[in-house]
Amino acid sequence: MVSATSLTGAAGEHFVMSQFLRRGLIAALAPAGVPNCDIVVTDDVGDRAFAVQVKTRRNLGTDGGWHMSKKHEQLASPNLFYCFVDIGREASDHPTVFVVPAPIVADVLTRAHRAWLAKPGKGGKPHNDTDFRRFLPDYSHLGLEDLGSGWLEQYRGNGAWDRLKG
């Protein structure tokens with residue numbers, strides 16, 4: 001049986017790929033098992049090539065974020081981009097996509113994790129370090145005011161897609 005999570009991920013990847021194709025770029029799913037790339041994108045003559053990792057969520061939960069891991073703090077290639085997709089709650093919802101360069105993602109995850117570790121947990125106890133990370137639209141609860149509500153908006157919509165065309 002196919003899991004709902006697998007279907008959600010596939011829906012996000014295909015949606016993102018369709019957006020590249022609509023904008024005149026050649027996009028194809030990477031082979032299964034490629035660790036840091038879901039979609040390979042190029043222009044029609046190969047002058048512009050980059051890799052895309054897609055992170056997809058349904059609009060469930062409270063923080064509006066995406067699951068990430070420690071390894072994403074190290075992935076900072078200028079030719080790697082993340083597409084953070086929120087497909088909504090219902091099948092009729094239009095997906096929201098944030099297109100973020102990997103160096104930005106790596107920096108944000110590193111800063112946010114350090115801030116989380118420095119902040120006491122429940123009962124004033126220190127947090128235990130893990131490989132788990134969250135990419136969030138608002139980190140103000142960690143004291144990162146430059147990453148507060150709205151910081152991610154600059155990577156949303158047509159302007160974000162257009163930057164990738166080169």
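Q: How much space lies in the second largest pocket?
A: A pocket is an open space with protein around it. In this predicted model, the second largest one holds about 250 Å³ of space. Thirteen is the count to remember for its walls: of the 13 residues that line this pocket, Trp116, Phe132, Arg133, Arg134 and Leu136 are the closest to its centre.

Q: Which elements supply at least two residues each of the lining of the second largest pocket?
A: Look for H2 and S7, since each of them supplies at least two lining residues. The largest share, four residues, comes from H2. Sorted by class, the lining divides into seven nonpolar, three polar and three charged residues.

Q: And what is the volume of the largest pocket?
A: The largest pocket has a volume of about 520 Å³. It is lined by 18 residues, and the closest to its centre are Thr5, Thr8, Gly9, Thr56 and Arg57. To find it on the model, follow helix H1 (4–22), S3 and S4, the elements that give two or more residues to the lining. H1 provides the largest share, seven residues. By class, this lining has five nonpolar, seven polar and six charged residues.

Q: Let's turn to charges. How many salt bridges does a search of the whole structure find?
A: A salt bridge pairs a side-chain nitrogen of Lys or Arg with a carboxyl oxygen of Asp or Glu, within 4 Å. Searching the whole structure gives six of them. One of these joins aspartate 63 and arginine 134, whose closest N and O atoms are 2.6 Å apart. Aspartate 63 sits in the loop between strand S3 (49–57) and strand S4 (66–69), while arginine 134 belongs to strand S7 (residues 132–135), so this pair ties together parts that are 71 residues apart in sequence.

Q: Is aspartate 63 buried, partly exposed or exposed, and what is its relative accessible area?
A: Relative accessible area is the value to read here: under 20% means buried, over 50% means exposed, and anything in between is partly exposed. Aspartate 63 has 33%, so it is partly exposed.

Q: With which residue of its own helix does arginine 111 form a salt bridge?
A: Its partner there is aspartate 107, with the closest N and O atoms 3.9 Å apart. Both residues lie in helix H2 (residues 102–118), four residues apart, so about one helical turn separates them. Arginine 111 is partly exposed at 25% relative accessible area, and aspartate 107 is partly exposed too, at 39%.

Q: What other aspartate forms a salt bridge with arginine 111?
A: Aspartate 146 does, with 2.8 Å between the closest N and O atoms. This pair links distant parts of the chain: aspartate 146 is in the loop between S7 and helix H3 (158–164), arginine 111 is in helix H2, and they are 35 residues apart. Aspartate 146 counts as exposed, at 51% relative accessibility. Through shared partners, salt bridges join Asp107, Arg111 and Asp146 into one network.

Q: Now the interior. How many residues does the largest nonpolar core have, and which have the most contacts inside it?
A: A nonpolar core is a set of buried nonpolar residues joined through their side chains. The largest one here has 26 residues, and Phe84, Phe135 and Tyr139 have the most contacts inside it. The elements giving two or more residues to this core are S4, strand S5 (80–86), strand S6 (96–101) and H2. H2 contributes the largest share, six residues.

Q: Which residues is phenylalanine 135 in contact with, beyond its neighbours within four places in sequence?
A: Its contacts are Gly65, Trp66, Met68, Phe84, Val100, Val105, Val108, Leu109, Trp151 and Leu152. There is also a second, separate core of 20 residues, which includes Val16, Phe20, Ala27 and Val41.

Q: Let's try a single residue. Where is serine 69 found, and what does it touch?
A: Serine 69 is found in strand S4. At 22% relative accessibility, serine 69 counts as partly exposed. Not counting residues up to four places away in sequence, serine 69 touches Asp131 and Arg133.

Q: How far apart in space are serine 69 and glutamine 19?
A: Distance in sequence and distance in space are two separate readings. Serine 69 and glutamine 19 are 50 residues apart in sequence, and their C-alpha atoms are 26 Å apart in space.

Terms used
Residues are numbered from 1 along each chain as its sequence is written. This is a predicted model: local features need pLDDT of at least 70, side-chain atom pairs count only at pLDDT 80 or more; totals for chains, interfaces and linings use all residues. Side-chain values use heavy atoms; hydrogens and water are left out. Buried means under 20% relative accessible area, exposed over 50%, partly exposed in between (1.4 Å probe, protein chains only). A nonpolar core is a set of buried Ala, Val, Leu, Ile, Met, Phe, Trp, Tyr and Cys residues joined through side-chain atoms within 4.5 Å. Contact means heavy atoms within 4.5 Å. On a 1 Å grid over the protein atoms alone, a cavity is a set of points where a 1.4 Å probe fits but cannot get out, and a pocket is an open set with protein on both sides within 12 Å along at least five of seven lines; lining residues have an atom within 4 Å of a point. Grid points are joined across faces, edges and corners, and a volume is the space filled by probe spheres set on the points. Ala, Val, Leu, Ile, Met, Phe, Trp, Tyr, Cys and Pro count as nonpolar, Asp, Glu, Lys and Arg as charged, and the others, Gly among them, as polar.
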